[in-house]
Amino acid sequence: MLNENTPIEKNDHLLLIIDIDSYSPYTLEKAYHYATGLKAEWSILFLDFSTDKRDDELQFIHHEINAFIPAYGIANFWTESVDELDISFSKLKEKYIEPANVTAIVMVNYKETWLAELFRGSISNILATYFSDIDSLLIGPEHVQPFSKDDFAAGKRAWISKDEDNQVVYVKKNAKDIPGLYFKRIATDFENGLFMEELSEGETRHQMYKVTGGKVNMDSK
């Protein structure tokens, strides 16, 4: 296992492997610091599960990653469509890891869905086992997601409307409206949940707001 003080040759290449649930700005920031500290090139491989229908979340994530590319010096940003329960790790090795001369894999050690855990186990454990000839760096899960997604429906593209007393709306109506994702709490018939504000330039942490009755309390960060 590597750490930030482990010496590594300048020609080494780190590959961050993430999916919709292990992505966060913190994940990218942590991988960037690993690469910078180790003086290594680094790339991102995003696993896009073919059965995942969280389209708004995926678009939101891809937009953010592309915005980070210049600042973090990301060499490559690849997306691979995979079957969540039957990932071809040999294909990933042949298509990305070997051609890019990847010498270390960075991944998030996070809790899987119960179905994925039952049928294939943790991706991070499988990657570390399958690519045992490649060094592994693990990012702890505690700062990756600011809330448990299990309690909420899929995120929807939305805005906080400044003309409607901070009402959450699904169509932008004013240039001052605040963009982001709205996560509706599952165990309620009311419009209660969380609003994740889109990052502004230079930010690396999402602002989160409570939504009650369809409105955002701007003081409830």
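Which helices and strands each supply at least two residues of the lining of the second largest pocket? In this predicted model, the answer is α1 (25–37), α2 (55–72) and β8 (178–184). Among these, α2 gives the most to the lining, with 3 residues.

The pocket itself has a volume of about 260 Å³. It is lined by 19 residues, and those closest to its centre are Ser24, Val144, Pro146, Met196 and His206. Sorted by class, the lining holds 11 nonpolar residues, along with 5 polar and 3 charged ones.

Let us move on to helix α3, which spans residues 89–97. Its buried residues are Phe89, Leu92, Tyr96 and Ile97. They lie on the same side of α3, because they cover an arc of only 70° around the axis. As background, an α-helix has 3.6 residues a turn, so residues three or four places apart point the same way.

Two asparagines also deserve a look for their backbone angles. Most residues other than glycine have a negative phi, but Asn101 has a positive value, and Asn166 has a positive value too. The table puts their details side by side.

| Residue | Phi | Loop | Relative accessible area |
|---|---|---|---|
| Asn101 | near 55° | between α3 and β4 (104–108) | 55% |
| Asn166 | near 60° | between β6 (156–161) and β7 (167–169) | 15% |

Which of the two is buried, and which is exposed? Asn101 is exposed, because its relative accessible area of 55% is over 50%. Asn166 is buried, because its value of 15% is under 20%.

Key. Residues numbered from 1 in each chain as written. Predicted model: local features only at pLDDT ≥ 70, side-chain atom pairs only at ≥ 80, totals over all residues. Heavy atoms only, no water. 1 Å grid on protein atoms, 1.4 Å probe; cavity = no way out; pocket = protein on both sides within 12 Å on 5 of 7 lines; lining within 4 Å. Points joined across faces, edges and corners; volume = space filled by probe spheres on them. Helix = DSSP H or I, 4+ residues; strand = E, 2+ residues; numbered from the N terminus. Nonpolar A, V, L, I, M, F, W, Y, C, P; charged D, E, K, R; others polar. Buried < 20%, exposed > 50% of the residue type's maximum accessible area, 1.4 Å probe, protein only. Arc of directions from axis to C-beta.
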